[in-house]
Amino acid sequence: MNIEVSGNQFDSKELRNVLGCFGTGVTVVTTIGASGERVGLTANSFSSVSLDPPIVLWSLGKQSRYLPVFHESGRFVINVLGVDQLHLSNQFAKPSDDRFAGVECKEGLGGLPVIQGCAANIECETISAQEVGDHVLFLGKILRYSHIKKDSLLFCNGAYARATEV
Ligand SMILES: Cc1cc2nc3c(=O)[nH]c(=O)nc-3n(C[C@H](O)[C@H](O)[C@H](O)COP(=O)(O)O)c2cc1C
């Protein structure tokens with residue numbers, strides 16, 4: 001079905017479907033609060049911005065209870081999930097008393113949780129946090145990264161997938 005829609009009052013469900021046809025990887029973005037509490041959420045808004053200097057972005061819903069923690073810590077870790085870590089995507093997207101239960105982590109720079117077994121861990125310091133519409137856009141400078149050669153988990157059209165070469 002072909003659809004063409006213009007205007008400024010888009011149907012939000014349809015818009016979500018349109019934007020969701022752009023496939024992404026899946027990450028868990030983590031940080032740590034002032035009293036040492038670990039926080040993390042599943043995010044597919046992650047994107048690379050610049051190689052030199054090395055800068056990445058992701059966005060957090062303005063309503064998120066984690067917003068103050070990400071603002072205060074001034075740091076975040078992008079944990080890029082592998083296909084074998086789909087359960088972590090669900091675990092970090094659902095309400096829970098302890099999203100880190102059973103998750104193997106190492107302490108990264110500034111004591112931030114770095115999830116083990118990921119395709120990549122990208123440790124960043126926040127260089128900008130700007131409200132854009134209903135989200136806050138975080139830009140971060142990469143301080144350190146690690147990488148394991150494995151299949152990344154993908155998300156497209158509201159479903160998880162793995163990459164097959166075409
Ligand atoms: C595949 C996937 C991608 C998501 N991407 C984002 C994102 O980029 N930014 C965001 O704020 N929430 C994103 N979410 C939603 C959050 O993970 C989830 O709503 C949030 O952790 C719920 O937290 P709460 O318990 O604080 O409401 C995503 C969820 C899924 C399943």
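Begin by selecting β9 and strand β10 (residues 135-147), two strands that pair in the antiparallel sense over 12 bridges. Bear in mind throughout this tour that the model is predicted. Within this pair, look for A129, whose bridge partner in β10 is F138. Then move to the turn: β9 and β10 form a hairpin with two residues between them, and G133 in that turn has a positive phi of about 60°.

Keep β9 (120-132) on display and add β6 (75-80) to the selection. β6 and β9 also pair in the antiparallel sense, here over six bridges, and a convenient place to centre the view is N79, which has N121 as its bridge partner in β9.

**Into the core**

Next, show the side chains of V28, V29, W58, F76, V77, I78 and L81, which, of the 26 residues in the largest nonpolar core, touch the most other members. The elements giving two or more residues to this core are β2 (27-32), β5, β6 and β9, and it is β6 that contributes the largest share, with four residues.

Which residues is V77 in contact with, once its neighbours within four places in sequence are left aside? Select V77 and you will find V29, T30, G108, L112, P113, V114, N121, I122 and E123 as its contacts.

**Around the ligand**

Now centre the view on the ligand, which is surrounded by 16 residues, the closest being L41, T42, A43, S45 and G61. Colouring β3 (38-43) and β5 (55-61) is helpful at this stop, for each of these strands supplies at least two residues of the shell around the ligand. If you then colour the shell by residue class, it divides into eight nonpolar residues, seven polar ones and one charged. Note that β5 appears at two stops of the tour, since it gives two or more residues to the largest nonpolar core and at least two to the shell around the ligand.

**Towards the chain ends**

Select strand β1 (residues 24-25) together with strand β11 (residues 153-156), which pair in the antiparallel sense over two bridges; T24 has F155 as its bridge partner in β11. Extending the selection to strand β12 (residues 159-162) shows a further antiparallel pairing, in which four bridges join β11 to β12, with C156 standing opposite A159 in β12. These two strands make a hairpin with two residues between the strands, and N157 there takes a positive phi near 55°.

From here, go to helix α1 (residues 12-19) and pick out E14, which is found in it. Is E14 buried or exposed? E14 counts as exposed, because it has 11 C-beta neighbours inside 10 Å, and a residue is classed as exposed if 12 or fewer lie within that distance. To get a sense of scale, draw a distance between the C-alpha atoms of E14 and E37: these residues are 23 residues apart along the chain, and the atoms are separated by 37 Å.

**Stepping back**

Finally, zoom out to the whole protein chain, which has three helices and 12 strands. Its radius of gyration is 16 Å, close to the 15 Å that the globule rule gives for 166 residues, so the chain is as compact as a globular protein of that length. Its C-alpha atoms fill a box of roughly 50 × 40 × 35 Å along the principal axes, and 24% of the 166 residues count as buried. Among contacts between residues at least 6 apart in sequence, 63% join residues at least 24 apart.

Technical notes:
Residues numbered from 1 in each chain as written. Predicted model: local features only at pLDDT ≥ 70, side-chain atom pairs only at ≥ 80, totals over all residues. Near = placed C-beta within 6 Å. Nonpolar A, V, L, I, M, F, W, Y, C, P; charged D, E, K, R; others polar. Rg over C-alpha atoms; globule rule 2.2 N^0.38 Å. Buried ≥ 20, exposed ≤ 12 C-beta atoms within 10 Å, placed from the backbone. Contact = placed C-beta atoms within 7 Å. Core = buried A, V, L, I, M, F, W, Y, C linked by C-beta atoms within 7 Å. Pairing = 2+ DSSP bridges.
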